[in-house]
Amino acid sequence: MKIICIGRNYTEHIKELANERPEEPVVFIKPDSAVLPKEQDFYIPEFTKDVHHEVEVLVKICKVGKHIIEGFAHKYYDEISLGLDFTARDLQSKLKEKGLPWEKAKGFDGAAVIGKWLPKSDFKNLNNLNFSLLKNNEIVQNGNTGLMLWKIDELIAYVSKFFTLKKGDIIFTGTPAGVGQITTNDYLSGRLEGQELFALNIK
Ligand code: ZN
């Protein structure tokens with residue numbers, strides 16, 4: 001199983017990190033070892049002093065595909081969820097400065113939180129989903145999939161040009177604005193259309 005992540009997919013988030021607006025989707029991979037086991041707390045690793053939360057809508061691939069045409073992309077997933085792309089921002093900034101790959105800053109153990117999966121048929125329009133992240137029961141990130149620069153089906157078409165998508169692969173579709181630092185004793189929970197899909201403690 002691989003986790004394919006999209007960076008810079010929401011304009012307001014691009015602005016908050018003073019990044020350039022990309023001409024094509026920004027893509028990176030997290031290894032399967034990055035998945036935080038269900039019901040476990042997240043321990044801030046010792047190599048960073050600045051882990052950020054990034055709440056994102058997730059898509060689970062349900063059959064193998066390569067060079068998928070956008071019009072057929074909907075056939076390749078039937079479940080969606082919400083998750084966190086934990087990012088060691090201090091380390092990522094150093095790597096970005098030097099033009100080096102981000103993996104250490106985004107692919108470390110526990111850096112991928114995956115919520116409960118829901119059938120996509122539960123939702124009328126996947127391009128109009130509200131989602132949010134709460135930190136200590138206060139909303140810190142709010143997004144709507146309608147604000148994505150590249151929508152789910154476009155992302156599937158794009159990434160499948162480079163990577164064969166396999167059953168069980170997960171796509172992290174990018175974070176909206178409001179990313180920020182987590183600290184010990186924080187409690188994070190994520191909601192998609194009002195339903196809580198994950199909750200965890202930070203240690
Ligand atoms: Zn992200």
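Mentor: A residue is called exposed when its relative accessible area is over 50%, buried when that area is under 20%, and partly exposed in between. Please keep in mind, as we apply these words, that the model in front of us is predicted.

Trainee: Why is Pro-101 called exposed?

Mentor: The relative accessibility of Pro-101 is 57%, and the cut-off for exposed is over 50%, so Pro-101 counts as exposed. Pro-101 belongs to the loop between α2 and α3, and its C-alpha is 8.9 Å from that of Phe-28, although 73 residues separate the two in sequence.

Trainee: Lys-98 is found in the loop between α2 (89–97) and α3 (103–106); what makes Lys-98 exposed or buried?

Mentor: Its relative accessibility is 63%, and exposed begins over 50%, so Lys-98 counts as exposed.

Trainee: What makes Lys-49, Lys-94, Lys-98 and Lys-104 a patch of positive charge?

Mentor: Lys counts as positive, and a patch is made of residues with over 30% relative accessible area and no salt bridge, like charges being joined within 9 Å. Lys-49, Lys-94, Lys-98 and Lys-104 gather on the surface in such a patch, and for Lys-98 we have just seen the value of 63%.

Trainee: How do you know which residues coordinate the zinc ion?

Mentor: A donor is an N, O or S atom within 2.8 Å of the metal, and the oxygens of Glu-54 (OE), Glu-56 (OE) and Asp-85 (OD) coordinate the zinc ion at 1.9 to 2.1 Å, so these atoms meet the cut-off. In sequence, the donor residues follow the spacing E-x1-E-x28-D. Both Glu-54 and Glu-56 are buried. Glu-54 and Asp-85 also take part, with Lys-30, Arg-89 and Lys-106, in a network of salt bridges.

Trainee: Why is the contact between Asp-169 and Lys-2 called a salt bridge?

Mentor: The name requires a side-chain nitrogen of Lys or Arg within 4 Å of a carboxyl oxygen of Asp or Glu, and the side chains of Asp-169 and Lys-2 meet at 2.5 Å, N to O, so the contact qualifies as a salt bridge. Asp-169 lies in the loop between α4 (152–159) and β11 (170–172) and Lys-2 in the segment before β1, so the pair ties together parts that are 167 residues apart in sequence. The structure holds 8 salt bridges.

Trainee: Are Asp-169 and Lys-2 buried or exposed?

Mentor: Buried means under 20%; Asp-169 has a relative accessible area of 2% and is therefore buried, while Lys-2, at 19%, also counts as buried.

Trainee: What makes Glu-12 and Lys-15 a salt bridge?

Mentor: The closest N and O atoms of Glu-12 and Lys-15 are 3.3 Å apart, and the limit is 4 Å, so the pair is a salt bridge. Both residues lie in helix α1, 3 residues apart, which is about one turn of the helix. Glu-12 has 47% relative accessibility and counts as partly exposed, whereas Lys-15, with 55%, is exposed.

Trainee: How do you know that Asp-41 and Lys-203 form a salt bridge?

Mentor: Their side chains meet at 3.6 Å, N to O, and the cut-off is within 4 Å, so the pair counts as a salt bridge. Asp-41 lies in the loop between β2 (26–30) and β3 (51–53) and Lys-203 in the segment after β14 (195–201), so the pair ties together parts that are 162 residues apart in sequence. Asp-41, at 22%, is partly exposed, and Lys-203, at 38%, counts as partly exposed as well.

Trainee: Why is Asn-9 called buried?

Mentor: Its relative accessibility is 0%, and buried means under 20%, so Asn-9 counts as buried. Asn-9 has its place in the loop between β1 (3–7) and α1 (11–16).

Trainee: What sign does phi have in Asn-136 and in Asn-185?

Mentor: Phi of Asn-136 is positive, about 50°, although the residue is not a glycine, and phi of Asn-185 is also positive, near 80°. Asn-136 lies in the loop between β9 (130–135) and β10 (138–144), while Asn-185 is found in the loop between β12 (180–181) and β13 (187–192).

Trainee: What makes Asn-136 partly exposed and Asn-185 exposed?

Mentor: Asn-136 has 37% relative accessibility and therefore counts as partly exposed, between the limits of 20% and 50%. Asn-185 has 65% and therefore counts as exposed, as exposed means over 50%.

Technical notes. Residues are numbered from 1 along each chain as its sequence is written. This is a predicted model: local features need pLDDT of at least 70, side-chain atom pairs count only at pLDDT 80 or more; totals for chains, interfaces and linings use all residues. Side-chain values use heavy atoms; hydrogens and water are left out. Patches are made of residues with over 30% relative accessible area and no salt bridge: like charges are joined within 9 Å, nonpolar side chains (Val, Leu, Ile, Met, Phe, Trp, Tyr) within 5 Å. Accessible areas come from the Shrake-Rupley method with a 1.4 Å probe; for residues, only the protein chains shown count as cover. The place of a charge is taken as NZ of Lys, CZ of Arg, CG of Asp or CD of Glu. Buried means under 20% relative accessible area, exposed over 50%, partly exposed in between (1.4 Å probe, protein chains only). Donors are N, O and S atoms within 2.8 Å of the metal (3.2 Å for Na, K and Ca); water is not among the atoms, so sites may look incomplete. Helices (H or I, at least four residues) and strands (E, at least two) are DSSP runs, numbered from the N terminus.
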